[in-house]
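Work through the two exercises below with the coordinates open, and try each task before reading its solution.

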Amino acid sequence: MVSANKEMAVYCFDTLLAHYNCEQPPPPAFEEGQHPLFVTWKKVVNGGDPRLRGCIGTLEARDIISGFRDYALTSALRDRRFPPIQPKELPQLECTVSVLTDYETAIDYLDWEVGKHGIIIEFADPDFSTRRSATYLPEVAAHEGWTKVEAIDSLMRKAGFNGVITESLRKRIRLTRYQSTKFTMPYGEYIAYVKDTRGTAPAINGVKPGNY
């Protein structure tokens, strides 16, 4: 099984910097494979807890090299919840790469463990006669301090459901649970890695060298 690792996070930073510099990123230092994956960007503001800045990925298996390259940019620049990440924000960023594993169909909407499982919900919106779906990675509910029900209700809102959430509706949810490996790298560690392995720190268009 492929696990999330340092080289994957480095490749995501490489990809984002190359985008700003209108260059191609260096070749990745990890093997090809087919896996579902996510890229999460967070930003540290005034020494506080990192705040979500973008998170997008795929629940379907795909080539992890092109996957991390594509979703590093999509999550940084095209997450509709946030404005695009600007070059000047890079020194405050941290990148988390996730590789998803162990998909299982749950018995019901409570058949999962906070902190262990990511969850995918699918349900019919009774107000619009449409199917809705959304996912949270395994760390989300634990980080927010949610109960299972609170996580489910929040996920239903994320899926776009704006009606009244009832127990009857929750019971009609089809839930898939999964696990993941993840690796988190702050920008400072990325710079140190690049200096150590390539001999020089990367230059970033629009960011003064003293800021990274």
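**Exercise 1: the surroundings of T135**

The side chain of T135 makes a polar contact, at 2.8 Å, with the side chain of Y178. The model is a predicted one.

Task: Locate T135 in the secondary structure, decide whether T135 is buried or exposed, and list the residues that T135 touches beyond four places away in sequence.

Solution. Begin with the secondary structure, where T135 falls within strand 5, which covers residues 130–136. Next take the relative accessible area, which is 10% for T135; because buried means under 20%, T135 counts as buried. Finally, with residues up to four places away in sequence left out, T135 touches F38, L59, I119, I120, L155, K158 and Y178, and the last of these, Y178, is the polar partner already named.

**Exercise 2: helix 1**

Task: For helix 1 (residues 6–20), compare the expected span with the distance between the end C-alpha atoms, and determine how many of the 15 residues are buried.

Solution. First, the expected span is 1.5 Å times one less than the number of residues, so the 15 residues of helix 1 should span 21 Å, in agreement with the 22 Å that separates the end C-alpha atoms. Second, twelve of the 15 residues are buried, and helix 1 is therefore largely enclosed by the rest of the structure. Third, the buried residues of helix 1 pack against strand 1, helix 2, strand 3, strand 6 and helix 6. To finish at the ends, N5 caps the N-terminal end, with a side-chain oxygen 3.1 Å from the backbone nitrogen of E7, while C22, which follows helix 1, has a positive phi near 55°.

Conventions. Residues numbered from 1 in each chain as written. Predicted model: local features only at pLDDT ≥ 70, side-chain atom pairs only at ≥ 80, totals over all residues. Heavy atoms only, no water. Helix = DSSP H or I, 4+ residues; strand = E, 2+ residues; numbered from the N terminus. Buried < 20%, exposed > 50% of the residue type's maximum accessible area, 1.4 Å probe, protein only. Polar contact = N/O pair within 3.5 Å; in protein donor to acceptor, adjacent residues only side chain to side chain. Contact = heavy atoms within 4.5 Å.
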